[in-house]
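Subject: Structure handover

Hello,

Here is the structure for you to look at. Some notes on what was found in it follow below.

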Amino acid sequence: MTRINSLIQNPLRFGDYLAGLIDGEGYFSLLTFQHKGTIKMRAGLYIGLRKDDLPLLEKIQKFLGCGYIWTDKRENKKYNSPNAKPMARLIIVDLNDLINKIVPFFDLHPLLGKKAKDFNIWKDGVKLLHDIRSRPRKGLPGIRSGGAYKWTPKEYSAFCNLVIKIKEGRRFLD
């Protein structure tokens, strides 16, 4: 961990290290799902490591200034492989953090592997979500406060297409 501590002293070096780590262990997520009869759209960045690397995830969380850490509290029995180890994940799903911290981070520290394509698709999805959520909310009958974000059919279709593109990009190519 002393090597990581010395890297953190130099933010540019640590940023490049982190981009490489995320290239291998990160996951850019765009998804749609139904919740209480409403279709929701979400974006997130997940970094998964073995639970014994939890101190590293904590340093990454502090460096990025966002996200929360989830640790697997269950034993290895839940995994298919008897050699699998419990996991810990840094999860970043707050849209303001994604648009204001994560996107600029990767613009400064570009990904070099296959995940660079995922990031560009994901970034378009994050920007679309941000644009929609930046609009004033439309009040709906029966909802006392807030209301719902109004998506046009074109915007909804564009987001769904980004979800499909990011999933297609994850297929293994020979």
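K123 is buried, at a relative accessible area of 15% (buried means under 20%, exposed over 50% and partly exposed in between, with a 1.4 Å probe and protein chains only). This is a predicted model, in which local features need pLDDT of at least 70 and side-chain atom pairs count only at pLDDT 80 or more, while totals for chains, interfaces and linings use all residues. Residues are numbered from 1 along each chain as its sequence is written, and side-chain values use heavy atoms, with hydrogens and water left out.

Salt bridges

Four salt bridges turn up in a search of the whole structure (a salt bridge is a side-chain nitrogen of Lys or Arg within 4 Å of a carboxyl oxygen of Asp or Glu). K123 makes one of them with D107, with 3.3 Å between the closest N and O atoms. Since K123 sits in helix 5 (residues 115–134) and D107 in helix 4 (residues 95–108), the pair ties together parts that are 16 residues apart in sequence. Helices (H or I, at least four residues) and strands (E, at least two) are DSSP runs, numbered from the N terminus. D107 is partly exposed, with a relative accessible area of 48%.

Another salt bridge joins R135 and E155, at 2.1 Å from N to O. R135 belongs to the loop between helix 5 and helix 6, and E155 to helix 6, so this pair links parts 20 residues apart in sequence. R135 is partly exposed at 31% relative accessible area, whereas E155 counts as buried at 15%.

R50 and D52 also meet through their side chains in a salt bridge, 2.4 Å from N to O. R50 is partly exposed, with a relative accessible area of 40%.

The sheet

How are the four strands ordered in the open sheet? The order is 1-2-4-3, with antiparallel pairing (two strands pair if DSSP finds at least two bridges between them). Strand 1 (26–35) and strand 3 (68–71) are at the edges with a single partner strand each, so one side of each has no neighbour in the sheet. From one strand to the next, the twist averages 35°.

Strand 3 pairs with strand 4 (residues 87–92) over four bridges, in the antiparallel sense. W70 has R89 in strand 4 as its bridge partner.

Helix 3 (residues 54–64) packs on the sheet and touches strand 2 (38–50), strand 3 and strand 4 (contact means heavy atoms within 4.5 Å). The direction of helix 3 makes about 10° with that of strand 4; axes are lines fitted to C-alpha atoms, for helices over the stretch in contact, and angles run from 0 to 180 degrees between N-to-C directions. Helix 6 (residues 153–168) packs on the sheet too, touching strand 1 and strand 2, and its direction makes about 135° with that of strand 1.

Regards
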